[in-house]
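Biologist: I would like to go through this model and ask what stands behind each label. Please show it first.

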Amino acid sequence: MDGGGLQLWITPEKKRYWRCAYRFDGKQKVFTIGVYHDVVRSAGGSRGMK
């Protein structure tokens with residue numbers, strides 16, 4: 001966790017997911033951003049294409 005709610009979750013099957021934990025209306029919520037490789041590849045691809 002990064003201190004701001006960002007988390008990298010790893011399942012027993014070794015799948016990795018980016019998640020963001022936050023509070024809304026006093027309740028704990030979690031938003032799944034995406035699969036680790038998909039998010040990393042899309043970020044790297046956009047920087048490489050100029």
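Biologist: Which residue in the hairpin of S2 and S3 takes a positive phi?

Modeller: Asp 25 does, with phi near 55 degrees, in a hairpin that has 2 residues between the strands. The model is predicted. Asp 25 is not a glycine, and its phi is positive all the same. Asp 25 lies in the loop between S2 and S3.

Biologist: Why is Asp 25 called exposed?

Modeller: Its relative accessible area is 69%. Exposed means over 50%, so Asp 25 counts as exposed.

Biologist: What makes S2 and S3 a pair of strands?

Modeller: The two are joined by 8 bridges and run antiparallel. Pairing takes at least two bridges, so S2 and S3, with 8 bridges, count as paired. S3 covers residues 27-35. One of the bridge partners in S3 is Val 30, which is matched with Ala 21.

Biologist: How do you know that S1 pairs with S2?

Modeller: By the same test: 5 bridges link S1, residues 6-10, to S2, residues 16-24, in the antiparallel sense. The threshold is at least two bridges, and therefore S1 and S2 pair as well. Gln 7 stands opposite Arg 19 of S2, and Leu 6 is opposite Cys 20 of S2.

Biologist: Which residue takes a positive phi in the hairpin of S1 and S2?

Modeller: Lys 14, with phi near 70 degrees, in a hairpin that has 5 residues between the strands. Lys 14 is also a residue other than glycine, and its place is in the loop between S1 and S2.

Biologist: Lys 14 and Lys 15 are both found in that loop. Why is Lys 14 called exposed, and why is Lys 15 called partly exposed?

Modeller: Lys 14 has 65% relative accessibility, over the 50% cut-off, so Lys 14 is exposed. Lys 15 has a relative accessible area of 49%. Exposed requires over 50% and buried under 20%, so Lys 15 falls in between and is partly exposed.

Biologist: What does Lys 15 touch, not counting residues up to four places away in sequence?

Modeller: Trp 9 and Ile 10. The C-alpha atoms of Lys 15 and His 37 are separated by 9.5 Å, with the two residues 22 apart along the chain.

Biologist: What makes Ala 21 buried?

Modeller: Ala 21, in strand S2, has a relative accessible area of 14%. Buried means under 20%, so Ala 21 qualifies. Leaving out residues up to four places away in sequence, Ala 21 touches Gly 4, Gly 5, Gln 7, Gln 28, Lys 29 and Val 30. The C-alpha atoms of Ala 21 and Thr 32 are 8.7 Å apart, and 11 residues separate these two along the chain.

Biologist: Arg 19 is also in S2. How do you know that Arg 19 has no salt bridge?

Modeller: The nearest side chain of opposite charge is that of Glu 13, 12 Å away. A salt bridge needs a separation within 4 Å, so Arg 19, although buried, has none.

Biologist: What does the charged end of Arg 19 sit over?

Modeller: The ring of Trp 9, at 3.8 Å from its centre. The distance limit is within 6 Å of the ring centre, so 3.8 Å meets that part of the rule. Trp 9 is also among the contacts of Arg 19 outside its neighbours within four places in sequence, as are Gly 5, Leu 6, Gln 7, Val 30, Phe 31, Thr 32 and Ile 33.

Biologist: How many aromatic pairs are there?

Modeller: The count is 0. A pair needs ring centres within 6.5 Å.

Biologist: Which elements make up the protein chain, and in what order do they run?

Modeller: The chain has 1 helix and 3 strands, in the order β-β-β-α from the N terminus. Of its 50 residues, 10% are buried. Taking contacts between residues at least 6 apart in sequence, 4% join residues at least 24 apart.

Methods: Residues are numbered from 1 along each chain as its sequence is written. This is a predicted model: local features need pLDDT of at least 70, side-chain atom pairs count only at pLDDT 80 or more; totals for chains, interfaces and linings use all residues. Side-chain values use heavy atoms; hydrogens and water are left out. Helices (H or I, at least four residues) and strands (E, at least two) are DSSP runs, numbered from the N terminus. Buried means under 20% relative accessible area, exposed over 50%, partly exposed in between (1.4 Å probe, protein chains only). Lys and Arg count as positive and Asp and Glu as negative; His and the chain ends are not counted. Contact means heavy atoms within 4.5 Å. Rings of Phe, Tyr and Trp (its six-membered ring) pair if their centres lie within 6.5 Å; planes under 30 degrees apart count as stacked, over 60 as edge-to-face and the rest as tilted. A charge sits over a ring if NZ of Lys or CZ of Arg is within 6 Å of the ring centre and within 35 degrees of the ring normal.
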